[in-house]
Amino acid sequence: MKANEYTKAKANPFAITRDLREFDKDTGNIYQTVAILSKRANQIATELKEDFQDRVKDFTTHYVNNDVFEENMENKEQVELARFYEHLPKPVTMAIHEFENNEIFYKTPQ
């Protein structure tokens, strides 16, 4: 999933109190649920990081004649890109949203 697909998710970006019994309802074990959420959050964070690095590559070009106007335009674009990623919900929040909506596939080794 790319970053623009994560913005379409209706994950609540704010910290809210949740009932722990709702989390272990499917797995039967709160620790297993936390492990699942942790792994998924790490996957989301990695995907976002890779997407961000791909977009930043466009800004690493060398300036010809050190044109100040061109440099200012690219700085504005970089700031907008950084703001876009800052306003995304945190990877843990996205993982919880996916878990609550049964969008995470997991299997136990047993």
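**View A. Arg-18 is a partly exposed residue, at 27% relative accessible area.** Buried means under 20% relative accessible area, exposed means over 50%, and partly exposed lies in between (1.4 Å probe, protein chains only). This is a predicted model, so local features need pLDDT of at least 70 and side-chain atom pairs count only at pLDDT 80 or more, while totals for chains, interfaces and linings use all residues. Residues are numbered from 1 along each chain as its sequence is written, and side-chain values use heavy atoms, leaving out hydrogens and water. Glu-100 is also partly exposed, with a relative accessible area of 44%. A salt bridge is a side-chain nitrogen of Lys or Arg within 4 Å of a carboxyl oxygen of Asp or Glu. The structure holds 7 of them. One joins Arg-18 to Glu-100, with the closest N and O atoms 2.8 Å apart. Arg-18 sits in the loop between α1 and α2 and Glu-100 in helix α5, so the pair ties together parts 82 residues apart in sequence.

**View B. Confidence varies between helices α1 and α3.** Helices (H or I, at least four residues) and strands (E, at least two) are DSSP runs, numbered from the N terminus. The predictor's confidence in each residue is pLDDT, from 0 to 100. Its mean for the chain is 79, and 74% of the residues reach 70 or more. Helix α1 (residues 3-8) has the lowest mean, 61. Helix α3 (residues 30-56) has the highest, 92. Where pLDDT is low, the predicted coordinates should not be read in detail.

**View C. Helix α5 (residues 91-100) is largely enclosed by the rest of the structure.** The reason is burial: 7 of its 10 residues are buried. They are Thr-93, Met-94, Ala-95, Ile-96, His-97, Glu-98 and Phe-99. Asn-102 is found in the segment after α5. Asn-102 is exposed, with a relative accessible area of 61%. Its phi is positive, near 55 degrees, in a residue other than glycine. Most residues other than glycine have a negative phi.

**View D. Aromatic rings pair up across the chain.** Rings of Phe, Tyr and Trp (its six-membered ring) pair if their centres lie within 6.5 Å; planes under 30 degrees apart count as stacked, over 60 as edge-to-face and the rest as tilted. By this rule there are 4 aromatic pairs. Phe-23 and Phe-99 are stacked: 6.3 Å centre to centre, with 20 degrees between the planes. Phe-23 lies in helix α2 (residues 20-27) and Phe-99 in helix α5, so this pair ties together parts 76 residues apart in sequence. Both residues are buried. Phe-52 and Tyr-85 have ring centres 5.1 Å apart and planes at 80 degrees, so they are edge-to-face. This pair links helix α3, home of Phe-52, with helix α4 (residues 68-86), home of Tyr-85, 33 residues apart. Phe-52 is partly exposed at 32% relative accessibility, whereas Tyr-85 is buried at 15%. Phe-23, Phe-99 and Tyr-106 form one aromatic cluster.

**View E. Asp-51 and Arg-55 meet in a salt bridge (3.7 Å, N to O).** The two residues are 4 apart in helix α3, about one helical turn. Asp-51 is buried, at 8% relative accessible area. Arg-55 is partly exposed, at 30%. Elsewhere, salt bridges that share partners join Arg-40, Glu-47 and Glu-98 into one network. Within it, the closest N and O atoms of Glu-47 and Arg-40 are 3.9 Å apart. Glu-47 is partly exposed at 25%, and Arg-40 is buried at 14%.
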